[in-house]
Amino acid sequence: MSTEVSVVVGVGGMGRAIAARIGSGRHLLLADFDDGLLDGAAGQFTEQGFEVSTHRVDAGDPAAVAKLAAAAADTGPIRHLVHTAGVSPAKASTEAIVRVDLCGVAYVLDEFAPLMAPGGAGIVIASMAGHLAQLTADQETALATTPAADLAGLPFLNPEPALHPMLAYPIAKRGAILRVQAAAGAWGRAGARVNSISPGVISTAQGRDELAGESGARMRQMIEQSATGRIGTAEDIAAAATYLLDPVSSFVTGTDLLVDGGVVATMRAAMRG
């Protein structure tokens, strides 16, 4: 009997924390664009006794994502797909945000849907920013239903002057949430489930970059005013992912779990008050 495969796309803080929870007794297929991160993660998990292989992938390249999916299927039955890959508006251009954070999610969902093992589960890391995006119903429909190859060409993603990365990011993350909802049916036909997680401000390398960037002061204020009053950790996200990837959540699919320490709830309550 072939060993089940857990695919983790993006091996930063959240990816590694999730992999550590789901990889025991399975083949961990780690994928990332950054060779240094990939080698470091592979070394860490190999030393800890995990069965590991690696695959370099640009999540925003449809051909590269197709090759990753094929490699995963060749390795064994795909039990888990964890997609954490993304870029930060503190460092990335609008084009990169749309290509990776939006189109990349669509490519992964499309490629892995028919390859998942019965009973398998996937998660996509979105963002609480997606809950704060201000879009029309028509724009949301377009994000959910436009073929992946055409997503980047949507008119509202290409205004003049160009979208600032800080505006593109919540739109892309909202799109990721919507793509997961739309993909649940196709995944279900393969006997699998897929959900998204929307983290708040998390103490990872990317999260710390954002705190140090132009939106950092606003983010710190949101944390201070939130229900928990603290920054999140990669383990907070891994705990949520473990639930969504486990058969205990077999009736949960096509939904988004907001893991933000209550930031969005606090902001909405303040607006209503």
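**Notes on a predicted seven-stranded model**

1. **Surface.** The protein exposes about 11900 Å². Carbon and sulfur atoms supply 54% of that area. Keep in mind that this is a predicted model.

2. **Overall build.** The protein has ten helices and seven strands. Its radius of gyration is 18 Å, close to the 19 Å that the globule rule gives for 273 residues, so the protein is as compact as a globular protein of that length. The C-alpha trace spans about 55 × 40 × 35 Å along its principal axes. Of the 273 residues, 52% count as buried.

3. **Contacts along the chain.** Take the contacts between residues at least 6 apart in sequence. Of these, 75% join residues at least 24 apart. Keep that in mind when you trace the chain.

4. **The sheet.** What is the order of the strands in the open sheet? It reads β3-β2-β1-β4-β5-β6-β7, and the pairing is parallel. The edge strands are β3 (51–56) and β7 (256–259). Each of these two pairs on one side only. Neighbouring strands are turned by 15° against each other on average, direction ignored.

5. **Strand β4 to strand β5.** Strand β4 covers residues 78–83 and runs parallel to β5, with five bridges joining the two. Find Leu81, and you can locate its bridge partner in β5, Gly122. The chain leaves β4, passes through helix α4 (residues 94–112) and arrives at β5. This β-α-β crossover is right-handed.

6. **How covered is β5?** Strand β5 covers residues 116–125, and eight of its ten residues are buried. On its way through the sheet, β5 also pairs with strand β6 (residues 193–199). That pairing is parallel too, over five bridges. Ile123 stands opposite Asn195 in β6. Val124 stands opposite Ser196, also in β6.

7. **A closer look at Gly122.** This residue sits in strand β5. Is Gly122 buried or exposed? It is buried: its relative accessible area is 0%, and the cut-off for buried is under 20%. Which residues does Gly122 touch, leaving aside neighbours within four places in sequence? They are Leu81, Trp187, Arg193, Val194, Asn195 and Leu245. Leu81 is already familiar as the bridge partner of Gly122. Val7 is 115 residues away from Gly122 in sequence, yet the two C-alpha atoms are 9.2 Å apart.

8. **Strand β6.** Seven of the seven residues of β6 are buried, so this strand is largely enclosed by the rest of the structure. Both of its faces are covered. On one side lie Arg193, Asn195, Ile197 and Pro199. On the other lie Val194, Ser196 and Ser198. Next comes β7, which pairs with β6 in the parallel sense over four bridges. Pro199 has Val259 of β7 as its bridge partner.

9. **Helices on the sheet.** Helix α6 (residues 165–189) lies across β4, β5, β6 and β7. Its direction is at about 165° to β6. Helix α9 (residues 234–245) packs on the sheet and touches β4, β5, β6 and β7. The direction of α9 also makes about 165° with that of β6.

10. **A cis peptide bond.** Look at Glu160 and Pro161. The peptide bond joining them is cis, with omega at about -5°. Where does Pro161 lie? It is in the loop between α5 (137–145) and α6.

11. **Lys91.** This lysine is found in the loop between β4 and α4. Lys91 counts as exposed because its relative accessibility is 66%, and the cut-off for exposed is over 50%. Lys91 and Pro165 are 74 residues apart in sequence. In space, their C-alpha atoms are 8.8 Å apart.

12. **Lys67.** Helix α3 (residues 62–75) holds this lysine. Its relative accessibility is 59%, so Lys67 counts as exposed. His55 is twelve residues from Lys67 along the chain. The C-alpha atoms of the two are separated by 9.3 Å.

How values were computed. Residues numbered from 1 in each chain as written. Predicted model: local features only at pLDDT ≥ 70, side-chain atom pairs only at ≥ 80, totals over all residues. Heavy atoms only, no water. Buried < 20%, exposed > 50% of the residue type's maximum accessible area, 1.4 Å probe, protein only. Pairing = 2+ DSSP bridges. Right-handed = clockwise from strand over helix to strand, strands pointing away. Rg over C-alpha atoms; globule rule 2.2 N^0.38 Å. Contact = heavy atoms within 4.5 Å. Areas by Shrake-Rupley, 256 points an atom, 1.4 Å probe, with all protein chains shown as cover. Axes fitted to C-alpha atoms, helices over the stretch in contact; angles between N-to-C directions.
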